[in-house]
Amino acid sequence: EVDVLAHRVGIMDQGLMKCLSSLEHLKQKFGNGYELTIQVSDNGLRTAAAFVEQAYPSAVLLESRPQRLLYSVPKNCTDLADLFETIQGVMEKPAIGIVDYTVQQTSLEQVFMRISELGTSEPTTATSPLMEETTDTCR
């Protein structure tokens with residue numbers, strides 16, 4: 001609901017306001033990257049997994065089901081255009097076994113968890129990584 005209804009989000013941790021910013025800014029600053037979901041053919045699980053692990057060595061397999069793989073791809077590993085181009089290009093090769101895919105930004109829930117982790121690991125100060133130098137306020 002927050003994604004649809006809010007233009008700015010305030011995040012509190014242990015009764016203290018930690019961040020007040022736009023959703024996009026929060027996702028860019030505190031998101032870990034992209035979530036890549038791949039639908040594979042009946043016998044394409046291993047080849048599709050091998051392809052992703054070779055193309056993006058720092059990608060982390062979050063979930064594996066009989067015809068579905070879910071990866072977390074760090075944003076420092078690739079840019080969005082390259083990710084789409086690579087996956088779209090391999091879909092034209094039936095031997096890999098990728099039938100469909102989706103790419104999405106880190107969810108807002110994951111951003112909340114990241115800010116909460118940062119907030120509990122250190123006190124909030126002017127030099128904290130949660131402090132932002134723009135009109136948005138992150139502490």
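This note goes through the predicted model point by point, from the chain as a whole to individual residues.

1. Basis of the values. Because this is a predicted model, local features need pLDDT of at least 70 and side-chain atom pairs count only at pLDDT 80 or more, whereas totals for chains, interfaces and linings use all residues. Residues are numbered from 1 along each chain as its sequence is written, and side-chain values use heavy atoms, with hydrogens and water left out.

2. Overall composition. The chain has 5 helices and 7 strands, where helices (H or I, at least four residues) and strands (E, at least two) are DSSP runs numbered from the N terminus. Read from the N terminus, the elements follow the order α-β-β-α-β-α-β-β-α-β-α-β. Of the 139 residues, 37% count as buried; buried means under 20% relative accessible area, exposed over 50%, and partly exposed in between, with a 1.4 Å probe and protein chains only. The exposed area of the chain is about 8,500 Å², and carbon and sulfur atoms supply 53% of it; accessible areas come from the Shrake-Rupley method with a 1.4 Å probe, and for residues only the protein chains shown count as cover. Among contacts (heavy atoms within 4.5 Å) with a separation of 6 or more, 62% come from residues 24 or more positions apart.

3. The four-stranded sheet. An open sheet of 4 strands is arranged in the order 4-5-3-6 with antiparallel pairing, two strands being taken as paired if DSSP finds at least two bridges between them. Strand 4 (60-65) and strand 6 are the edge strands, each pairing on one side only. From one strand to the next the twist averages 15°; axes are lines fitted to C-alpha atoms, for helices over the stretch in contact, and angles run from 0 to 180 degrees between N-to-C directions.

4. Strand 3 and its neighbours. Strand 3 (residues 33-40) is largely enclosed by the rest of the structure, because 7 of its 8 residues are buried. On one pairing, 7 bridges join strand 3 to strand 5 (residues 68-74) in the antiparallel sense, and on another, strand 3 pairs with strand 6 (residues 98-105), again antiparallel, over 7 bridges. E35 can serve to fix the register of both pairings, as E35 stands opposite S72 in strand 5 and has Q104 as its bridge partner in strand 6. A further register point with strand 6 is V40, whose bridge partner there is I98.

5. Helix 4 on the sheet. Helix 4 (residues 80-91) lies across strand 3 and strand 6, and runs at about 170° to strand 6. F84 belongs to helix 4 and touches Y101 and V103, when residues up to four places away in sequence are not counted. F84 and T102 are 18 residues apart in sequence, with a C-alpha to C-alpha distance of 9.1 Å. Despite these contacts, F84 counts as partly exposed, because its relative accessibility is 35%.

6. Salt bridges. A search of the whole structure finds 2 salt bridges, a salt bridge being a side-chain nitrogen of Lys or Arg within 4 Å of a carboxyl oxygen of Asp or Glu. E63 pairs with R65, the closest N and O atoms being 2.9 Å apart, and R68 pairs with E63, where the closest N and O atoms are 2.4 Å apart; E63, R65 and R68 are therefore linked in a network of salt bridges. E63 is partly exposed at 23% relative accessibility, R65 is partly exposed at 47%, and R68 is partly exposed at 26%.

7. The loop before strand 2 and a nonpolar patch. Q14 lies in the loop between strand 1 (8-13) and strand 2, and its phi is near 55°, a positive value in a residue other than glycine. With 68% relative accessibility, Q14 counts as exposed. M12, M17 and L20 form a nonpolar patch on the surface, with about 290 Å² of accessible area together; patches are made of residues with over 30% relative accessible area and no salt bridge, like charges being joined within 9 Å and nonpolar side chains (Val, Leu, Ile, Met, Phe, Trp, Tyr) within 5 Å. L20 is in strand 2 (residues 16-22) and is partly exposed, with a relative accessible area of 34%.
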